[in-house]
Amino acid sequence: MAGRIKAARRQTMPVLPLRGLTVFPQMELHFDVGREISVKALEAAMEGDQKIFLVTQADARDDSPDPDGLYKVGTVAKVKQLVRISSDTIRVRIEGLCRAEATGYVSVEPYFQAEVAEDRRAARVRKSVAIEALKRQAYKMLEEYAKLSDKLQPESMFHIMSVEDPGQLADIIAANIFLRAEQKQEILGAFHPVARLEALLGILAKEVEVMGVEREIGAKVRKQIDKNQKEYYLREQMKAIQTELGDKDGLGAEADEYRERIAKLKLPDEVEKKALKEADKLAKMQPGFAEGSVVRNYLDWILELPWTERTEEMRDIAVAEKVLDEDHYGLEKVKERILEYLAIRMYKNTLKGPIICLVGPPGVGKTSVAKSVARALNRKYARMSLGGVRDEAEIRGHRRTYVGAIPGRIIAALKQAGTRNPLILLDEIDKMSSDFRGDPASAMLEVLDGEQNFAFRDHYIELPYDLSDVLFVTTANNADAIPKPLLDRMEVIPISGYTSEEKLRIALDFLIPKQLEAHGASKRDVRFDEAAVRDIIGYYTRESGVRALEREIASVCRKAVRQLVAKEKKRVRVTSATLAKFLGARKYRYDKVGASNEIGVARGLAWTEAGGETLNVEVNVMKGSGKFELTGQLGNVMKESAKAAVSFIRSRIGDLGIDEDFYSKCDIHIHVPEGAIPKDGPSAGITIATAMVSALAARPIRKNVAMTGEITLRGRVLPIGGLKEKVLAAHRAGIDTVIMPEENRKDIENIPGNVQSAIRFVPVSGMDEVLNAALLKAAARPRSLPTYSDARPIGAAGRDAGGPGFAIDDIDIADIPDISDEAPGIIEPHIKV
């Protein structure tokens, strides 16, 4: 409070609390009184000298204030008139006399009564330049206020301008302008006239500034309203014109439909803003304008994308495991990884979707596994085939400037799924290629990177889309064909070929019921013997998966249903004996274990995209001049392995019992049968070396042994890949002993248990161990050692010709240790040559 009351007369008088109203001296007004405490205060004032102390409440919402809730400074007023307008309301007319301060309250019942110090002294202010400047500033500010406000009447302005006293000028201005109660109280509490006028100027300046900003805002609002009204008027005119032209609805109605759809979808702010902009653009276009279809297509894509829709993910591990087991036999590692992911999702809900890459040969169930995972997790499923994709726009979409532009396959898959958290299968990701139009594999880096795909931007949509909730599953036949940066973003889960037993169970439990249902037959109508199914697997298919097996079963079902329809039989039973009637002659044969041990013929193991295969490496040694020939469509790596084998043999001639001049007196021919099929890879190294040592040293190779491994010049055996597929091929061919690199010992645990129990594994680290395990050793030298100058074909024909030929029969093998006597499992080789 500015100033104190010095010359004051103290007097006890009734107190009337005012709500939202401040009365100044020299001010005359009327107001209604309804509270009982206020009515009794007025009645007490009328019984006395008609004086009453008017003071404002600090809180206007308080119906029953106490003395602490009232300001100290108020106005002593004289009651001029009382009019009862109802039973509980009195209209009072008062005149403000002077400022006063309540020094203490005498009583609060039945009305407030306080001791009041009145400011009766007229404060005289000497005229000065400063006072005149303050007054002029007050006039100027009031004029600005009047321009901005329409509540100040012109007659009030004339009355205010005629006031000379600065204190009275401050009071009358404060009483006639709109101020908050605390602002008016600040002016009322300033007892000195100059301080009062200065306080008013500060408050008035702020009010003028606020009102100026308020007027600017109001002008902008009015301008916008005027613009909207103008647009509405013009649209109505356009509708009238279109109606006259026969186009009743027009583009405006179509744009309104889009706006309604946008409002219902509750899109993200950026998406909604973009969609409304395009709808406005559509509304302003002329009918038949070519760009209209472009805008429509764009809006349709935006509004059909699942920006907020999502499915509730399955969180029950037992149910998910049951679904996976129902759909697939085996594939334990794949199921285990999916269940691990589900468990972590249950434990920590913020886990980002992993990128799983299923790698395996065709037909092993990679695509169907992805479908089962989607069903197990209760996610929508969408599939993208990437085979042959060579354009980056296939992934990121085309820009809308091109004719016929559409979004990329990622956005299309999301639209197909209808949710923002589907499972999207990227099929055949190893079959992508690149050309002058870009590299789609590089575009996939953003899609499959969890640190980037939360704001994936398609070139067509041009809006960020969050892919972090999408579970991506990719498939490939060969992981080596996937670009390394892309492969680094994925978790590779290999799915190798099925064993014959696994195929049998899959056929009996899944494929046969499926095909019988597809052909309208039942198990009672068509019955498959287990032996017949084994024959289909062994002699009519050659694959790692079961795709061809399903086709052959479907072929049998078709012919069986035909017999049922023709009423040739009431029931059809498919057996091994009748299988040829359904499928014809056997299509394939497997190289089974030979009847005898042979010289110069070693059995190797190879990996193909269709699984493992066995292949024979044949070596013939003939009289010649040191020529070295390789046939059978061998690749460069296999040729280098053969040369490394020759160098190793030449360095170990003394230990191997081979003529020192063999490389200059004889020709060596290495051939791998099935010459129409290209072959390459380093894992045939020990097979080639073993076959050459067998032919040169006249030592037979065990008939029940197959081998795989890379050879070095010094005879070390290096690790290889695809051991599981190769061992399955050996098991299929009836081989019971597999020689393999020592470093691949860890891969044995990935081989099915029934195969492990039937195969003896011989881990080796050098060629000495390989030769010891694979070759039979003679207890005595042959009757006449072959010389390469007169070597002839082995066998009876050679002996009959009178030459010094040799055969297996020339060697006594009775006392040679034979690893075939060992039990299946991992055995250590005899380290001796």
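The following legends describe close-up views of a predicted model. In this model, local features need pLDDT of at least 70 and side-chain atom pairs count only at pLDDT 80 or more, whereas totals for chains, interfaces and linings use all residues. Residues are numbered from 1 along each chain as its sequence is written, and side-chain values use heavy atoms, leaving out hydrogens and water.

**View 1. An open sheet of 5 strands with parallel pairing.** The strand order is 8-9-12-7-13; strands are DSSP runs of E with at least two residues, and helices are runs of H or I with at least four, numbered from the N terminus. Two strands pair if DSSP finds at least two bridges between them. Strand 8 (381-385) and strand 13 (491-494) stand at the edges with a single partner strand each, so one side of each lacks a neighbour in the sheet.

**View 2. Strand 7 beside strand 12.** Strand 7 (residues 356-359) and strand 12 (residues 471-476) run parallel and are joined by 4 bridges. V359 has A476 in strand 12 as its bridge partner. Helix 11 (residues 332-347) packs on the sheet and touches strand 7, strand 12 and strand 13, contact meaning heavy atoms within 4.5 Å.

**View 3. Helix 2 packed with helix 3.** Helix 2 (residues 129-148) and helix 3 (residues 154-161) pack at an angle of about 175°, their axes 12 Å apart. Axes are lines fitted to C-alpha atoms, for helices over the stretch in contact, and angles run from 0 to 180 degrees between N-to-C directions. The two helices are therefore roughly antiparallel, a term for angles over 145 degrees. Y139, L142, E143 and A146 in helix 2 meet M157, I160 and M161 in helix 3.

Technical notes: Angles under 35 degrees count as roughly parallel, over 145 as roughly antiparallel, 65 to 115 as roughly perpendicular and the rest as oblique.
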